[in-house]
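Okay, everyone, thanks for coming. I'll put one structure up and talk you through it.

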Amino acid sequence: MIKLRSLALAAAAMFATGCTLIPEYERPEVQVPQAWPEGPAYVQASENDAAPASTVGWRDFFIDPQLKGLIERALENSPDARIAALNVERTRARYRIQRAELAPGGQRSGQLYPPANAVQF
């Protein structure tokens with residue numbers, strides 16, 4: 001009798017855990033624009049003209065004249081921003097010096113005459 005009760009209790013527990021009240025998930029619709037944005041701020045450069053962003057000055061990188069004016073005012077009126085910009089340049093210079101060690105190098109030596117122990121053919 002105890003086995004029958006425990007078996008019935010186990011079956012009821014398995015049946016109860018199989019029921020769920022969670023509604024079925026429906027993925028929401030994503031609104032994606034049909035075309036890329038247009039305007040002077042979105043001018044695309046060709047791949048031949050493209051340079052790495054790290055080599056381009058900020059005046060050449062940003063196209064919008066209002067944004068350029070805002071950056072210029074911020075650099076003029078904020079000594080912290082000017083110091084931060086100088087620190088970035090200093091760090092870039094140090095990084096280039098450290099990376100110079102990774103470039104291939106070598107020593108050149110030459111002799112006008114072959115060494116004395118060289119075998120002549």
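I'll go from confidence and fold to surface, and then to the side-chain contacts.

So, first off, this is a predicted model. The chain comes out at an average pLDDT of 76, and 69% of the residues score at least 70. If you go helix by helix, the low end is helix α1, residues 2-18, with a mean of 76. The high end is helix α3, residues 65-77, at 87.

On to the fold. You're looking at four helices and zero strands, so to speak an α-α-α-α pattern when you read along the sequence.

Now the surface. How much of the chain is buried? Well, of the 121 residues, 0% count as buried. The exposed area of the chain is about 12,700 Å², and carbon and sulfur atoms supply 59% of that.

Right, contacts. Let's do the salt bridges, and there are two of them in the structure.

One is Arg59 with Glu72, where the side chains meet at 3.8 Å, N to O. Which parts does this pair tie together? Arg59 sits in helix α2, residues 58-61, and Glu72 sits in helix α3, so the bridge links parts that are 13 residues apart in sequence. As for accessibility, Arg59 is at 48% relative accessibility, so we call it partly exposed. Glu72 is at 33%, and that counts as partly exposed too.

Then there's Arg92 with Glu89, with the closest N and O atoms 3.4 Å apart. Both residues are in helix α4, residues 79-100, and because they're three residues apart there, about one helical turn separates them. Arg92 has a relative accessibility of 36%, which puts it in the partly exposed class, and Glu89, at 43%, is partly exposed as well.

Last stop, the aromatics. The structure has one aromatic pair, and that's Phe61 with Phe62. Stacked or edge-to-face? Edge-to-face: the centres are 5.2 Å apart and the planes are at 90°. Where do these rings stand on exposure? Phe61 is partly exposed at 46% relative accessibility. Phe62 is at 28%, and since the cut-off for buried is under 20%, Phe62 lands in the partly exposed class too.

To recap, then: four helices, two salt bridges and one aromatic pair, in a predicted model with an average pLDDT of 76. Okay, that's my bit, over to you.

Technical notes
Residues are numbered from 1 along each chain as its sequence is written. This is a predicted model: local features need pLDDT of at least 70, side-chain atom pairs count only at pLDDT 80 or more; totals for chains, interfaces and linings use all residues. Side-chain values use heavy atoms; hydrogens and water are left out. pLDDT is the predictor's confidence in each residue, from 0 to 100. Helices (H or I, at least four residues) and strands (E, at least two) are DSSP runs, numbered from the N terminus. Buried means under 20% relative accessible area, exposed over 50%, partly exposed in between (1.4 Å probe, protein chains only). Accessible areas come from the Shrake-Rupley method with a 1.4 Å probe; for residues, only the protein chains shown count as cover. Rings of Phe, Tyr and Trp (its six-membered ring) pair if their centres lie within 6.5 Å; planes under 30 degrees apart count as stacked, over 60 as edge-to-face and the rest as tilted. A salt bridge is a side-chain nitrogen of Lys or Arg within 4 Å of a carboxyl oxygen of Asp or Glu.
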